[in-house]
Amino acid sequence: MKAKLFLMMLIFCFATTSVVGQGIIKREKCKTCGKVISLCPYKGKHPKPKPKQETKPKPQPKPAPKPRPVLYDKTFRVGGVEFVMKPVEGGTFTMGATAEQQDPRDDEKPAHQVTLSSYYIGETEVTQALWTAVMGNTVRDQRDKEYARLSIYGEGNDYPMYYISWTDCQEFISKLNRLTEQKFRLPTEAEWEYAARGGKKSRGYQYSGSNNLDDVAWYDDNSGSKTHIVKTKQPNELGIYDMSGNVFEWCQDWKGSYSTGSQTNPKGPSSGSNRVNRGGCWGSYARNCRSALRNGRAPGERDFILGLRLVLSE
């Protein structure tokens with residue numbers, strides 16, 4: 001009986017211990033992986049983990065610049081008369097007596113930087129057909145308001161309107177805006193000159209579209225002392241006609257002296273005695289058809305050389 005009990009105790013010991021030499025060792029576990037040492041692939045001596053290398057973030061590609069919106073012509077129709085407004089992309093230009101403006105007048109100085117927002121400007125001067133469609137009267141009616149014995153210097157639907165004062169222009173624009181539900185206006189002096197110079201497409205011409213005035217304008221040397229149908233000369237870089245010659249064009253501004261500092265969307269002086277008109281006319285010498293030339297008249301004055309061109313904000 002004692003022998004049997006001893007044998008059972010001996011079997012139990014072998015089941016729970018290992019015999020090495022003369023000592024008994026417990027089955028230890030690996031502190032790293034938790035497996036029994038004999039089953040651990042590293043026998044309890046795992047290699048130290050390599051330190052993580054810091055990875056620099058990959059530089060992100062710069063976003064592509066947003067494309068500038070493409071501006072297209074805008075066409076309007078009033079009383080069966082169609083007219084086109086040409087886009088003028090905003091930008092910065094030097095206004096006044098720049099190097100190509102030969103023999104500038106004192107009121108064109110100093111040349112100065114001007115930045116403008118985008119806008120639309122009439123492809124042509126306001127024609128007699130458009131004026132009549134809006135106002136209900138003709139160039140002869142306008143002449144008679146001034147003096148009935150004055151001459152007519154070109155008459156027909158496609159001739160530029162004239163014998164109109166700055167005040168007449170405001171009445172015309174007010175009625176046109178009611179008919180079209182738009183916000184047409186006269187150009188500022190800066191907008192007029194920027195468009196005449198060709199805007200961002202400017203090639204630095206002295207006149208609007210060329211250094212050869214005969215290419216782009218009806219003036220003293222070639223007009224035969226009268227106005228001419230619009231779009232019969234070459235356009236400028238923006239596709240605009242007759243900004244040199246044919247008839248002077250009223251601007252919104254009071255006429256005043258230029259400042260030396262840079263300006264953004266200038267609107268001219270807050271008051272004055274004369275409103276600006278630009279561009280020369282059929283009776284002008286070449287010097288007075290330059291893009292930088294400035295002229296001024298009282299706002300109530302009508303003349304056979306005074307017309308207008310429309311502008312529409314973008």
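In this predicted model, three bridges connect β7 to strand β14 (residues 311–313), and the two strands run antiparallel. Within this pairing, Tyr120 has Leu312 of β14 as its bridge partner. The contact between β7 and β14 is a handy place to enter the fold, since both strands belong to an open sheet of five strands, arranged in the order β3-β4-β7-β14-β8 with antiparallel pairing. At the edges of this sheet stand β3 (74–78) and β8 (184–185); each has a single partner strand, so one side of each is left without a neighbour in the sheet.

On its other flank, β7 meets β4. Strand β4 (residues 81–88) and strand β7 (residues 119–122) pair in the antiparallel sense over four bridges. The register can be followed residue by residue: Val88 has Tyr119 as its bridge partner in β7, Lys86 stands opposite Ile121, and Met85 is partnered by Gly122. Helix α2 (residues 128–135) packs on the sheet, where it touches β3 and β4, and its direction makes about 110° with that of β4. Seven of the eight residues of β4 are buried, so this strand is largely enclosed by the rest of the structure.

Moving on to the edge strand β3, five bridges join it to β4, again in an antiparallel arrangement. Thr75 of this pairing stands opposite Val84 in β4. The two strands form a hairpin with two residues between them, and Gly79 in the turn has a positive phi of about 55°.

The loop between β7 and α2 holds Thr124. This residue has a relative accessibility of 17% and therefore counts as buried, the cut-off being under 20%. Leaving aside residues up to four places away in sequence, Thr124 touches Val230, Lys231, Tyr241 and Arg309. The loop residue thus offers a small example of contacts between distant positions in the sequence. Across the protein chain, residues 24 or more positions apart account for 70% of the contacts with a separation of 6 or more.Aromatic residues come next. A search of the whole structure finds 10 aromatic pairs. The rings of Phe76 and Phe83 have planes at 25° and centres 5.6 Å apart, so this pair is stacked; both residues are buried. Phe93 and Tyr194 also form an aromatic pair, in this case a tilted one, with 5.0 Å from centre to centre and 35° between the planes. Since Phe93 lies in strand β5 (residues 91–95) and Tyr194 in helix α5 (residues 189–196), the pair ties together parts that are 101 residues apart in sequence. Phe93 counts as buried at 8% relative accessibility, and Tyr194 counts as buried at 1%.

Helix α5 itself is mostly covered, with eight of its eight residues buried. Among them are Glu189, Glu191 and Glu193, together with Trp192 and the alanines Ala190, Ala195 and Ala196. Just after α5, Gly198 takes a positive phi of about 100°.

Elsewhere, ring pairs link Tyr153, Tyr162, Tyr163, Trp282 and Phe304 into a cluster. Two arginines are also placed over aromatic faces. Arg275 lies over the face of Trp166, at 3.9 Å from the ring centre, and Arg294 lies over the face of Tyr258, at 4.1 Å from the ring centre.

Stepping back to the chain as a whole, the protein has six helices and 14 strands. Of its 314 residues, 44% count as buried. The exposed surface of the chain comes to about 18100 Å², with carbon and sulfur atoms supplying 52% of it.

Note on methods:
Residues numbered from 1 in each chain as written. Predicted model: local features only at pLDDT ≥ 70, side-chain atom pairs only at ≥ 80, totals over all residues. Heavy atoms only, no water. Buried < 20%, exposed > 50% of the residue type's maximum accessible area, 1.4 Å probe, protein only. Contact = heavy atoms within 4.5 Å. Areas by Shrake-Rupley, 256 points an atom, 1.4 Å probe, with all protein chains shown as cover. Pairing = 2+ DSSP bridges. Axes fitted to C-alpha atoms, helices over the stretch in contact; angles between N-to-C directions. Phe/Tyr/Trp six-rings, centres within 6.5 Å; stacked < 30°, edge-to-face > 60°. Lys NZ or Arg CZ within 6 Å of the ring centre and 35° of its normal.
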